[in-house]
Amino acid sequence: MPPRPQLTIPSPGGRRAVVLGAGSFGTAVAVLLARGGFRTTLQTRSTEQAERLETERENAAYLPEVQFPRELRVEPMSAGLSRADYVFLGVPSRGLSQVIGNLQATGLPARTPVISMAKGLVPPDGLAPTTLLNQAFGVDRVACLGGPAHAREMVTEGAGLVAASSNVKLAAAIANVFMRAGVVCEQSNDPVGVELSGVAKNAASLAAGATAGQGLNAAGAAAGHIFAEVWRYAERQGGKPESMIGLAGTGDLVGTALAPQSRNRRAGELLGQGVPASEIPARIGQAVEALDMVPLLATALRRAHVEAPVTTALHGLISGELPLDEWVARVRATVPPPAVRDSAFRRAVARMRRHQVTESLKRPD
């Protein structure tokens with residue numbers, strides 16, 4: 001029997017990548033990019049943090065006991081971006097507008113791609129991060145990452161990433177580097193769908209956590225309602241069903257729902273115990289993006305005229321305007337729109353079935 005062909009992944013060819021932000025995910029991505037062959041630099045907010053990470057060769061605060069590859073450099077953001085071939089943004093979406101201004105002020109080369117790693121929305125209008133980046137840099141230079149990728153497991157065991165860009169070559173280049181580092185990375189040309197899938201899973205995980213004390217059925221209903229409400233919004237933004245039902249959507253939702261260390265699920269549990277939203281980040285020890293994102297999401301859904309009673313109710317729970325019992329009652333009583341409408345999802349399924357029939361007819365008996 002002839003040997004199976006080996007997967008050939010193009011070499012990055014000494015290209016330089018800069019990761020802005022030394023949180024857990026930014027640090028993990030920097031480690032993988034260095035393993036994958038990029039000449040990688042992790043940039044921190046302060047000189048003191050950069051010196052500490054460089055000395056210790058690990059990020060003890062956010063990703064302890066993960067040693068930095070020898071090739072990974074660490075420096076403060078003040079060092080600039082003039083030599084970067086790729087820039088990965090490991091910063092919260094709420095600060096993206098300021099980050100864009102800083103990118104332009106710190107020497108970002110005119111053709112360097114910018115890759116968002118945030119799973120949130122940008123205030124004040126609740127825009128997806130790549131929408132704002134497209135406006136600043138053009139669609140051919142912009143990409144995003146999605147999928148189930150908890151930082152520690154990603155660098156020790158692997159992950160299921162999605163690299164998405166309207167520029168197919170850019171998505172392929174990003175995916176290839178992660179594949180070289182031993183991490184599965186799907187390519188997608190649907191950045192909006194991938195980003196909104198991440199938004200949906202964060203909001204759904206928060207909602208499930210807030211409802212879990214009332215039973216698994218209620219928690220599942222809360223997550224399902226919000227996932228569906230965000231999907232109806234994604235459809236109107238041009239998102240594709242494959243993104244929501246694949247790694248970036250349901251895959252990431254399951255990973256977050258099962259993870260003991262999930263910040264969004266834990267934040268929901270604290271909400272369900274009556275802890276005010278303003279106190280939750282301090283209790284968890286890190287920012288919880290969904291707490292800031294859900295109000296933006298509710299606003300975006302309302303402006304798009306998407307019926308979203310459960311997302312709206314979750315906003316009320318976070319703000320303290322809706323008591324827990326009323327939130328649970330809303331979850332249990334909400335009846336979603338009929339699933340038999342002629343949606344983009346149904347059309348996609350129909351196309352897939354037609355293709356399968358056509359291919360089967362081509363095969364010889």
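This passage walks through the annotated lysine, the salt bridges, the pocket and cavities, and one strand residue of the structure above.

The structure is a predicted model, in which local features need pLDDT of at least 70, side-chain atom pairs count only at pLDDT 80 or more, and totals for chains, interfaces and linings use all residues. Residues are numbered from 1 along each chain as its sequence is written, and side-chain values use heavy atoms, with hydrogens and water left out.

A natural place to begin is Lys-201, which the UniProt annotation "active site" covers in an unreviewed entry; such annotations may be inferred rather than shown by experiment, and their positions follow the numbering used here, with feature names shortened. Lys-201 is found in helix H7, where helices (H or I, at least four residues) and strands (E, at least two) are DSSP runs numbered from the N terminus. The residue counts as buried because its relative accessibility is 7%; buried means under 20% relative accessible area, exposed over 50%, and partly exposed in between, with a 1.4 Å probe and protein chains only. Leaving aside neighbours within four places in sequence, Lys-201 is in contact (heavy atoms within 4.5 Å) with Lys-119, Phe-227, Gly-249, Asp-252, Leu-253, Thr-256 and Asn-264. Two of these partners, Lys-119 and Asp-252, are linked with Lys-201 in a network of salt bridges, a salt bridge being a side-chain nitrogen of Lys or Arg within 4 Å of a carboxyl oxygen of Asp or Glu.

Asn-202 also has its place in helix H7 and is buried, with a relative accessible area of 3%. Outside its neighbours within four places in sequence, Asn-202 is in contact with Lys-119, Asn-264, Ala-290 and Met-293. Lys-119 and Asn-264 thus appear in the contact list of Lys-201 and in that of Asn-202.

Salt bridges occur elsewhere too, and the structure holds ten of them. Side chains of opposite charge can pair when their charged atoms come close. One such pair is Arg-15 and Asp-85, whose side chains meet at 3.9 Å, N to O. Arg-15 lies in the segment before strand E1 (16-20) and Asp-85 in the loop between E3 and strand E4 (86-89), so this pair ties together parts that are 70 residues apart in sequence. Arg-15 is partly exposed, with a relative accessible area of 39%, and Asp-85 is partly exposed at 22%. Another salt bridge joins Asp-125 to Arg-303, with the closest N and O atoms 3.1 Å apart. Asp-125 sits in the loop between strand E5 (114-116) and helix H4 (129-137) and Arg-303 in helix H13 (residues 289-303), so the pair ties together parts 178 residues apart in sequence. Asp-125 is partly exposed, at a relative accessible area of 39%.

Arg-73 forms a salt bridge with Glu-75, the closest N and O atoms being 3.4 Å apart. Here Arg-73 is partly exposed, at 46% relative accessible area, whereas Glu-75 is buried, at 15%. Strand E3 (residues 73-76) also includes Pro-76, which is buried with a relative accessible area of 16%. Pro-76 and Leu-42 are 34 residues apart in sequence and 8.2 Å apart in space, C-alpha to C-alpha. Beyond neighbours within four places in sequence, Pro-76 is in contact with Gln-43, Thr-44, Ser-46, Thr-47 and Ala-50.

Turning to open space, the largest pocket holds about 1,200 Å³. On a 1 Å grid over the protein atoms alone, a pocket is an open set of points with protein on both sides within 12 Å along at least five of seven lines, a cavity is a set where a 1.4 Å probe fits but cannot get out, and lining residues have an atom within 4 Å of a point. Grid points are joined across faces, edges and corners, and a volume is the space filled by probe spheres set on the points. The pocket is lined by 39 residues, of which Gly-23, Ser-24, Phe-25, Arg-263 and Gln-286 lie nearest its centre. Helix H1 gives the most to this lining, with three residues.

The count of cavities of 30 Å³ or more comes to three. The largest has a volume of about 40 Å³ and is lined by Ser-93, Arg-94, Leu-121, Glu-289, Asp-292, Met-293 and Leu-296.
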